[in-house]
Amino acid sequence: MTSLALIGIYGGTFDPIHFGHLRVAEELVSDIAFNRFFFVPAGTPRLRDIPFASKTQRAGMVALAIQDNPDFLLDTREIKREGVSKTVETLRAYRSEYGENVALCLIIGADTFLKIHQWCDWHEVFELCHVVIVNRPGSPLIKHKQGFPEEIQQACGSRWITCSASLASQPYGLIYAAPTTLLDISATQIRALVAAKKSIRYLLPDAVSDYIKTHQLYTGEYEFKKTGQHCS
Ligand code: ATP
């Protein structure tokens, strides 16, 4: 069987990055022999409110979180790009950089996958990369591969695979639901705890927690910073 090099691409707002993200990444790197694994902080997200921390701060927190792990890399291309972030543009760029003979794997949480049909040119995603879905508490749908919006079910078709080894057999087009540990941690919860002056210890790396404190992120007035801007 063909065995292509594997590149993992884990996009997110990372506002802030936490152990939910990091544990998933660790388990995936251990289960799937990624040759490279990138964290890609989104610049200006298209489908959600503007993040509370700046692009630089969010990337800075990712850098701190992964600094001791040589398997993890930070890719700042989206925060450097003008305009809203489009995952498909990032995937096109990876494909043109790495060529046809690598397997690109986009890592996304089940909650995000259920909205993939709202992304720009979302059908193209399956022509550019594999999708590795990680379940999240509150999104148990992936296990049974049902309960998706009809459009997504159709696009998934026969792409599902059950063995991660198959990801290296072709450069794109497969969907794998990874059996990672469910950790009920979210950035929303962490921001709310900071705003309420409660402890965030053990939810994220200490270095990130220190950064939040030093830069006074997510403090009391953060609720008022919501701009209500919601692009679609
Ligand atoms: P927020 O609470 O602000 O929405 P978040 O915690 O969901 O943030 P994101 O940066 O938006 O974090 O997530 C990036 C990606 O990681 C998404 O695909 C999301 O589904 C996934 N993800 C986030 N937290 C977890 C978790 N605890 N377990 C598994 N996947 C997660």
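The following exchange goes through how several statements about this predicted model are reached.

Biologist: What makes the radius of gyration of the chain agree with that of a compact globule?

Modeller: A compact globule of 232 residues would have a radius of gyration near 17 Å, and the chain has 17 Å, so the two agree. The C-alpha atoms fill a box of roughly 55 × 35 × 35 Å along the principal axes.

Biologist: How many of the residues count as buried, and on what cut-off?

Modeller: Buried means under 20% relative accessible area. By that rule, 50% of the 232 residues are buried. The accessible surface comes to about 11300 Å², and carbon and sulfur atoms hold 49% of that.

Biologist: What share of the contacts links residues 24 or more positions apart?

Modeller: Counting contacts with a separation of 6 or more, the share is 75%. A contact here requires heavy atoms within 4.5 Å.

Biologist: How are the charged side chains distributed?

Modeller: There are 24 positive and 24 negative side chains, and the centres of the two sets lie 4 Å apart.

Biologist: Which secondary structure elements are there, and what is the strand order in the sheet?

Modeller: The chain has nine helices and seven strands. The open sheet has seven strands in the order β3-β2-β1-β4-β5-β7-β6, with parallel pairing.

Biologist: Why are β3 and β6 called edge strands?

Modeller: Because β3 (72-74) and β6 (160-161) each pair on one side only. Pairing takes at least two bridges between two strands. Strand β6 has two bridges to β7 (residues 175-178), in the parallel sense, so the pair meets that cut-off. Isoleucine 161 stands opposite tyrosine 176 in β7.

Biologist: How do you know that β5 pairs with both β4 and β7?

Modeller: From the bridges again. Five join β4 (residues 102-109) to β5, and four join β5 to β7; both pairs are parallel. On the β4 side, leucine 106 has valine 131 of β5 as its bridge partner. On the β7 side, valine 134 is matched with alanine 178.

Biologist: Why is β5 described as largely enclosed by the rest of the structure?

Modeller: Five of the five residues of β5 (residues 130-134) are buried, so the description holds.

Biologist: Which residues of β5 point which way?

Modeller: His130, Val132 and Val134 point one way, while Val131 and Ile133 point the other way, and all are buried. In a regular strand, side chains alternate between the two faces of the sheet.

Note on methods. Residues are numbered from 1 along each chain as its sequence is written. This is a predicted model: local features need pLDDT of at least 70, side-chain atom pairs count only at pLDDT 80 or more; totals for chains, interfaces and linings use all residues. Side-chain values use heavy atoms; hydrogens and water are left out. The radius of gyration is taken over C-alpha atoms; the globule rule is 2.2 Å times the number of residues to the power 0.38. Buried means under 20% relative accessible area, exposed over 50%, partly exposed in between (1.4 Å probe, protein chains only). Accessible areas come from the Shrake-Rupley method with a 1.4 Å probe; for residues, only the protein chains shown count as cover. Lys and Arg count as positive and Asp and Glu as negative; His and the chain ends are not counted. The place of a charge is taken as NZ of Lys, CZ of Arg, CG of Asp or CD of Glu.
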